[in-house]
Each structure stands twice: as C-alpha cells, then as structure tokens.
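This report walks through one protein chain, from its overall make-up to single residues. Please keep the sequence and the structure in view while reading.

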Amino acid sequence: DNAIYPVLFLEYVTSTLSTTTDVVEKEMHDLHRFLIVSATALILAGINFTGLEIVGTASVVVAIVAMSPFVIMCILGVPKIDPT
C-alpha cells in the first residue's frame, strides 16, 4: 500500500506544476522521477519504522491538511448564503 503513495504524490506535484510552467514536464527525467519517488518512499518507511504513535500523529496531521481547504472554503462561503 505504501508503494503507490510516492508515485501519486509525484504525479500530483508534476500535474500541478505543469499547469504553471511547461518546463516541469520537459525537464523531469527518469532519474529525477526515480530519486523523488525513492526519497518519498524512504520517508514514509522511516515514519512507519519509528512506531505506531508517530504514524498515528502523522495520519492526523495529513488528514487535517487534506481537509483544511474544504473547511476554509465552507467558512468563506457562509457570508454568501442567501436565505431567501
């Protein structure tokens, strides 16, 4: 299960950056992709090896970061509600 996360992360980052500049897609060589995916996999493996408590904390942090845009957009949208 952990093997897919680095690849998804890299695809997300390259798709996000490629909308701003086309240089990212052209400059991303196979070696760069391999190094980024390997580094991400090693970081995730390191977190898993440290123990259950830090993995749980990291999961909560990731969930908060992932949900924060939705919460912010809901808060910003409240003044625009027209109850009539």
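## Overall make-up

The secondary structure of this protein consists of 4 helices and 0 strands, and when it is read along the sequence the pattern is α-α-α-α. The model is predicted, and its average pLDDT, the predictor's confidence in each residue on a scale from 0 to 100, is 79, while 82% of the residues score at least 70. Among the elements of the protein, the lowest mean pLDDT, 55, belongs to helix α2 (residues 23-27), whereas α4 has the highest, 90.

Of the 84 residues in the protein, 7% are buried. The protein exposes about 7000 Å², and 75% of that area is supplied by carbon and sulfur atoms.

## The helices α3 and α4

For two of the helices, the span expected at 1.5 Å a residue can be set beside the distance between the end C-alpha atoms, as in the following table.

| Helix | Number of residues | Expected span | Distance between end C-alpha atoms |
|---|---|---|---|
| α3 (residues 30-50) | 21 residues | 30 Å | 30 Å |
| α4 (residues 52-77) | 26 residues | 38 Å | 38 Å |

The expected span is 1.5 Å times one less than the number of residues, and on this basis the two values agree for α3, as they also do for α4. Agreement in the span of α4 should be read together with a local detail, namely that α4 bends by about 35° at M67, with a proline, P69, following within four residues. Helix α3, for its part, is followed by G51, a residue whose phi is positive, near 135°.

## I4 and its surroundings

Is I4 buried or exposed, or does it fall in between? A residue counts as buried under 20% relative accessible area and as exposed over 50%, so I4, with a relative accessible area of 43%, is partly exposed.

I4 lies in helix α1, which covers residues 4-20. Together with Y5, V7 and L8, I4 makes a nonpolar surface patch of about 340 Å². A general point about helices helps in reading such a list: an α-helix has 3.6 residues a turn, so residues three or four places apart point the same way.

How far apart are I4 and V37 in sequence and in space? They are separated by 33 residues in sequence, and their C-alpha atoms are 9.5 Å apart in space.

Key. Residues numbered from 1 in each chain as written. Predicted model: local features only at pLDDT ≥ 70, side-chain atom pairs only at ≥ 80, totals over all residues. Heavy atoms only, no water. Patch = residues over 30% accessible without salt bridge, like charges linked within 9 Å, V, L, I, M, F, W, Y side chains within 5 Å. Areas by Shrake-Rupley, 256 points an atom, 1.4 Å probe, with all protein chains shown as cover. Salt bridge = Lys/Arg side-chain N within 4 Å of Asp/Glu carboxyl O. Helix = DSSP H or I, 4+ residues; strand = E, 2+ residues; numbered from the N terminus. Buried < 20%, exposed > 50% of the residue type's maximum accessible area, 1.4 Å probe, protein only. Bend = angle between axes of the 7 residues up to and from the residue.
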